[in-house]
Amino acid sequence: MSLEAIFRKHGTDKVDMHHYAQHYERHLGHFRSKRLKLLEIGVGLGQSLSAWQDYFALAEIVAVDIDPKDLPFNVWQGHQADVRTISALLTSHPQFDIIIDDGSHRSEDVIPTLMMLWPALAPNGVYVVEDTQTSSWPSFGGAAHSITAMEYLKRLIDGLNWEERDLPHYSPTRFDREILGISFYHNIAFLLKGNNQEGSNLMTRNCCPWSKPV
């Protein structure tokens, strides 16, 4: 069964209200037959958790929600940007293969959540930020003059080529070293984790004719 069909089966808003199924299948489909651990922040009535368990049959599903939930899943109650909540979570579950932020959608929560949880994402794991459109909505704290979640994610793009910067004393961030790729779609973003330390083409012998002195 396709992920879109599974989303419809379980009644999650990731299909119809949003059109995330095709993007999720593109970026997460290779995990389907693997044993993995998935964390989702913000669970509503649990529809998406049921959908993920259906799609990833061998997965351990963990969740965080600000409200208490009576669901057949391991749901931690707490605020997603609360250091104590996340620290307690990571003490019990130090690593995840997939992390999905479908929580408050407020930039002041999305950004620190990414910063706290990124180290817990496994190599070759995928971090997903849903509903990035709220960065443009004043009702969610979005404003052109503030650092919104979308603006923060866009700034991470420059880090993909950090080794090419002509800055001898530049100290790369963890995101610089570990983000292999970022894909943006309508209202959703995917961050791929790996080793982004390939070396500079400019420093490679016989690399590029245009890089040689004349």
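How much space lies in the largest cavity? In this predicted model, the largest cavity holds about 40 Å³ of space, and a search of the whole structure finds 1 cavity of 30 Å³ or more. The lining of the largest cavity is made up of His105, Val110, Val129, Glu130, Asp131, Thr132, Thr134, Ser135 and Ala149. When these lining residues are sorted by class, 3 are nonpolar, 4 are polar and 2 are charged. Empty space of this kind is revealed by rolling a probe the size of a water molecule over the atoms.

The largest pocket was examined in a similar way, and its volume comes to about 210 Å³. A lining of 13 residues surrounds this pocket, and those that lie nearest its centre are Thr12, Asp13, Val43, Gly44 and Asp102. By class, the lining of the largest pocket comprises 2 nonpolar, 7 polar and 4 charged residues.

Helix 4, which spans residues 83–92, has Thr85, Ile86 and Leu89 as buried residues. Seen down the axis of helix 4, these buried residues fall within an arc of 90°, and they therefore line one face of the helix. An α-helix has 3.6 residues a turn, so residues three or four places apart point the same way. The face of helix 4 that is turned away from the buried side carries the exposed residues Val83, Arg84 and Thr91. As for what covers the buried residues of helix 4, the cover includes strand 1 (36–41), strand 2 (59–65), strand 3 (74–77) and strand 4 (96–101), together with helix 5 (107–117).

Charged side chains were considered next, and a search of the whole structure finds 14 salt bridges. One of them joins Arg84, which is also among the exposed residues of helix 4, to Asp82, with the closest N and O atoms 3.6 Å apart. Arg84 has a relative accessible area of 68% and is exposed, whereas Asp82, at 22% relative accessibility, counts as partly exposed. Another salt bridge links Glu108 with Arg106, and here the closest N and O atoms are 2.7 Å apart. Both ends of this pair can be described by their accessibility, since Glu108 counts as partly exposed at 43% and Arg106 is partly exposed with a relative accessible area of 27%.

A further salt bridge is formed by Glu151 and Arg155, whose closest N and O atoms are 3.8 Å apart. Glu151 and Arg155 are 4 residues apart in helix 6 (residues 149–155), so about one helical turn separates them. Glu151 is partly exposed, with a relative accessible area of 29%, and Arg155 is likewise partly exposed, with a value of 48%. Elsewhere, salt bridges that share partners join Lys14, Glu40, Asp102 and Glu130 into one network. Two members of this network also appear in the linings described above, for Asp102 is among the residues nearest the centre of the largest pocket, while Glu130 lines the largest cavity.

Finally, the position of Glu198 was considered. Glu198 is placed in the segment after strand 7 (188–193), and this residue is exposed, with a relative accessible area of 71%. Although Glu198 and Asn161 are 37 residues apart in sequence, their C-alpha atoms are 9.7 Å apart in space.

Key. Residues numbered from 1 in each chain as written. Predicted model: local features only at pLDDT ≥ 70, side-chain atom pairs only at ≥ 80, totals over all residues. Heavy atoms only, no water. 1 Å grid on protein atoms, 1.4 Å probe; cavity = no way out; pocket = protein on both sides within 12 Å on 5 of 7 lines; lining within 4 Å. Points joined across faces, edges and corners; volume = space filled by probe spheres on them. Nonpolar A, V, L, I, M, F, W, Y, C, P; charged D, E, K, R; others polar. Buried < 20%, exposed > 50% of the residue type's maximum accessible area, 1.4 Å probe, protein only. Helix = DSSP H or I, 4+ residues; strand = E, 2+ residues; numbered from the N terminus. Arc of directions from axis to C-beta. Contact = heavy atoms within 4.5 Å. Salt bridge = Lys/Arg side-chain N within 4 Å of Asp/Glu carboxyl O.
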